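Biologist: Hello! I would like a close look at one part of this model, and then a walk outwards from there.

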There are 2 protein chains.
Amino acid sequence: MAFVHSLNLVPRVLKGEVNAVARLLTRAEAGSHECRPALDEIFRRAGRAHIIGITGVPGSGKSTLVARLVAAIRQTGRRVGIVAIDPSSPFSGGAILGDRIRMGAIAADPGVYVRSMATRGALGGLARGTLEAIDVLDAAGYEMVIIETVGVGQDEVEVARATHTTVVVSAPGLGDDIQAIKAGILEIADIHVVSKCDRSDADKTVADLKNMLSMGLASARGSWQVPVVPTSAARDEGVAELVAAIDRHWTFLREGNRLEERRRLINERRLLKAGEEILRDQFVRQRNGQVLKLLEQLQARTLSPRTAAERLLQDIHPGDAP
Amino acid sequence: MAFVHSLNLVPRVLKGEVNAVARLLTRAEAGSHECRPALDEIFRRAGRAHIIGITGVPGSGKSTLVARLVAAIRQTGRRVGIVAIDPSSPFSGGAILGDRIRMGAIAADPGVYVRSMATRGALGGLARGTLEAIDVLDAAGYEMVIIETVGVGQDEVEVARATHTTVVVSAPGLGDDIQAIKAGILEIADIHVVSKCDRSDADKTVADLKNMLSMGLASARGSWQVPVVPTSAARDEGVAELVAAIDRHWTFLREGNRLEERRRLINERRLLKAGEEILRDQFVRQRNGQVLKLLEQLQARTLSPRTAAERLLQDIHPGDAP
C-alpha cells in the first residue's frame with residue numbers, strides 16, 4: 001500500500017470513508033508532523049457535531065452504559081463516533097483491555113465508529129491527538145461524537161473542557177474515598193447518570209446528587225437544570241431518558257449564544273494545549289543541544305528551572321519542522 | 001505586619017525558621033512573581049534532602065501509613081517536611097478535608113512541617129508551587145521531604161518524576177477497576193507497601209505484587225530489587241521495615257552516579273514544566289490582546305489551534321514581568 005499524503009486523505013474523510021478516517025487518526029495520535037496541514041484543514045471543516053463527554057469513577061458501570069447509549073442513539077438514525085480513552089501505563093503506553101470488549105456488539109454497525117486511544121499521562125491530561133480525533137470524526141459526518149474516559153481526575157476535567165455536553169456517571173455503594181474524588185468531577189456535569197438503579201441503595205445516591213444540586217452547584221450551568229437520570233443495565237431502563245436529556249442540552253446550548261460561548265472555552269484550552277505541544281517538540285528537538293546545556297546548569301544548581309525555561313523559550317522557532 | 005520581600009525571607013528559610021518557610025510556600029503556591037528571585041536562590045541552596053513520594057489508590061490507607069511513617073522517622077532523629085496534595089475541585093480550588101485531620105498528632109512536633117496544597121487539575125498534573133515547596137523544605141534543612149498524593153493517575157506519575165524514592169501503597173480487596181488503574185502506577189514504585197495486612201486476603205495482594213515484580217518489571221529499576229513491605233496499622237506492624245527500605249534505597253542511589261541520574265530526570269521535567277508555566281502566564285497576560293484576536297480566528301475556524309499557538313509563542317518575551 002503506497003503512502004498517501006495526509007492532505008489527500010482529507011477529501012475522503014469529508015466523504016466519511018472509514019479507512020481514511022482510521023489512517024488520519026493513527027497519524028494524529030502518533031503526533032506525525034506530516035499530518036498537521038491535514039488536521040488544520042479538518043479543523044476548518046469541522047464544527048457540526050454534538051460533542052459529548054462521558055466520564056465516571058471506576059466501577060460506575062460507565063462502559064456498559066455507553067454501549068447501550070450508542071445503540072439507543074442509533075435507533076434515532078444518527079451516526080456516532082466514539083473516542084475511548086484508556087488508562088494505560090505512561091511508560092509502556094499499553095492499553096488495558098476489558099471495557100473495550102463490551103463495545104464489540106456495536107462495533108459492527110457502520111453507523112458507529114469506535115477509536116480507542118491510550119492516555120499519555122506523562123504529557124499531561126488528554127492523550128495526544130484526542131482533540132484532533134474529535135475534529136476528524138466531526139468532519140467525517142458523525143452527528144454525535146462521544147468521548148469516553150476511564151478513570152478519575154485530571155483527564156475527566158480535560159474532557160469536560162473539550163465537549164459540549166458532559167455526562168457524569170455515578171453508581172450506588174462506592175466507597176468514601178471514591179466519593180471524595182468524585183466530588184471533584186461532579187461540578188463538571190451537565191447531566192448526571194446514576195447507574196445500577198436496580199440496587200436498593202441507588203435511591204440514596206440519586207437523592208444525594210439531587211440534594212447537592214439543589215444546594216447551588218447547578219448555578220455554574222446558568223439556567224440549565226442539571227438532570228439526574230437513573231439507569232439500570234440489568235433492567236434495561238433509563239437509556240432513552242438519557243438520550244432525551246442529551247438532546248435537550250444540545251437544544252439548550254443552541255439557544256442564544258451559549259454554544260458559541262462553550263466553543264470559545266474549548267478553543268481557549270486548545271490554544272494553550274497546542275502551545276504546550278510546540279514547547280515539548282522544541283524540548284525533544286533540542287535534547288542534545290541547548291536543552292543539554294541548560295540541564296547541566298540545573299544539575300550544578302547555577303541556574304533555576306524558571307530561568308532555564310526562559311532561555312529555551314527565547315529560542316523557539318515554531319515554524320521549524322524537525 | 002509589614003511586607004517582607006521574599007528575598008529577605010531566604011536567609012531565614014535557610015536557618016529553618018518555620019514562619020519564613022510558611023510565608024514563602026504561600027507565595028510560591030499563589031504563583032507570585034515577587035517571590036521568583038527568592039525561589040531561584042532557594043533552588044541553588046537546596047539539594048541535600050531525600051525526597052520521597054508516597055502514593056496509592058483511594059482506600060489504600062495511605063494517610064494513616066504516612067502519619068506512622070513520619071513518627072518512625074522522627075524516632076531516628078531526622079526532621080521531616082511533608083507536602084500533602086489534596087484532591088480538590090478544579091473550579092473552587094477548595095481542598096477536601098479528612099485525610100489531613102489524621103496528621104494532627106504529628107503536626108505539633110517541631111521536627112515535622114506539614115504543608116497541604118490543593119491540586120490544580122486544570123493546569124495539568126502537580127499543583128503550582130509543589131516543586132518549589134520541595135526546594136523550600138529541602139533548603140530549610142528537613143532531611144527528608146515526603147510528598148503525599150491522594151488519588152490516582154496523572155498526579156502520581158508527576159510525583160514519581162519529582163522524587164528520589166517512590167512508595168506505592170496497595171491494599172487488599174480493592175475492586176477490579178481500581179486494580180486496573182493501579183496497574184498504571186505500579187511501575188513507578190521503588191518500594192511497594194501493602195497496607196491492612198491484618199486482613200486475611202492481604203497475603204494474596206503481597207504474593208500478586210511479588211509475582212508481578214518477578215515477571216520483569218523490576219528491571220526498570222536497574223539493579224534495585226523493589227521490596228514489598230507488608231504493614232498493618234491495626235497491629236502497628238511494618239513501619240520500621242518501611243523506614244529501613246527507604247533508607248536502603250537512598251544508600252543505593254548514592255552509590256555510583258545513580259542519584260545524579262535521578263536528579264537529571266527531575267531537572268528535565270522541571271525545565272519543561274517551567275516552560276509551560278511561562279506559556280500560561282503569557283496566555284493570561286495577553287487574554288485581552290493577542291489571545292483575544294487568535295480566539296476570534298479559531299472561533300471562525302479560519303486558523304487552526306496549532307498555527308494560532310505558533311503565533312502566540314513567537315511573541316513571548318519571558319523576561320517581561322506583568
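What follows is one request and one long reply.

In helix H3 (residues 36-45) of chain A, which residues are buried, and what covers them?

Modeller: Happy to help! This is a predicted model, in which local features need pLDDT of at least 70 and side-chain atom pairs count only at pLDDT 80 or more, while totals for chains, interfaces and linings use all residues. Residues are numbered from 1 along each chain as its sequence is written, and chains are lettered from A and ligands numbered from 1 in the order in which they are written.

Let's start with your helix. The buried residues of H3(A) are Ala38(A), Leu39(A), Ile42(A) and Phe43(A). They lie on the same side of H3(A), because they cover an arc of only 140° around its axis. The arc is taken over the directions from the helix axis to the C-beta atoms. An α-helix has 3.6 residues a turn, so residues three or four places apart point the same way. "Buried" stands for 20 or more other C-beta atoms within 10 Å of a residue's own, "exposed" for 12 or fewer, and "partly exposed" for anything in between, with C-beta atoms placed from the backbone. Helices (H or I, at least four residues) and strands (E, at least two) are DSSP runs, numbered from the N terminus.

The cover over the buried residues of H3(A) includes helices H1 (6-14), H2 (18-30) and H7 (130-139) of chain A, and chain B adds its helix H13 (305-314). After H3(A) comes Gly47(A), with a positive phi near 125°.

Now for the chain around it. Chain A has 14 helices and seven strands, and 50% of its 322 residues count as buried. Of the contacts in chain A with a separation of 6 or more, 74% are between residues 24 or more positions apart. Two residues are in contact if their C-beta atoms, placed from the backbone, lie within 7 Å.

Ile147(A) gives an example from a strand, S4 (residues 144-149) of chain A. This residue is buried, with 29 other C-beta atoms within 10 Å. Beyond its neighbours within four places in sequence, Ile147(A) touches Gly53(A), Val83(A), Ile85(A), Ile134(A), Val159(A), Ala162(A) and Thr163(A). Thr163(A) in turn is 100 residues from Arg263(A) in sequence, yet their C-alpha atoms are 8.5 Å apart. Arg263(A) sits in helix H12 (residues 258-285) of chain A and is partly exposed, with 19 C-beta neighbours inside 10 Å.

Next, a helix pair inside chain A. Two packed helices are described by the angle between their axes and the distance between the axes. The axes of H4 (residues 62-74) and H11 (residues 239-254) of chain A come within 9 Å and cross at roughly 70°. Here axes are lines fitted to C-alpha atoms, for helices over the stretch in contact, and angles run from 0 to 180 degrees between N-to-C directions. H4(A) and H11(A) are therefore roughly perpendicular; angles under 35 degrees count as roughly parallel, over 145 as roughly antiparallel, 65 to 115 as roughly perpendicular and the rest as oblique. Arg68(A), Leu69(A), Ala72(A) and Ile73(A) of H4(A) meet Val239(A), Ala240(A), Leu242(A) and Val243(A) of H11(A). By class, that contact has seven nonpolar residues, no polar ones and one charged. Ala, Val, Leu, Ile, Met, Phe, Trp, Tyr, Cys and Pro count as nonpolar, Asp, Glu, Lys and Arg as charged, and the others, Gly among them, as polar.

Just ahead of H11, the loop that follows strand S7 (228-230) of chain A holds Asp236(A). Asp236(A) is not a glycine, but its phi is positive, near 55°. Asp236(A) is exposed, with 10 other C-beta atoms within 10 Å.

Finally, a pair that joins the two chains. The axes of H14 (residues 305-314) of chain A and H11 (residues 258-285) of chain B come within 8 Å and cross at roughly 70°. That angle makes H14(A) roughly perpendicular to H11(B). From H14(A), the contact residues include Pro305(A), Ala309(A) and Leu313(A), and from H11(B) they include Arg270(B), Ala274(B) and Ile278(B). This contact divides into eight nonpolar, one polar and three charged residues.
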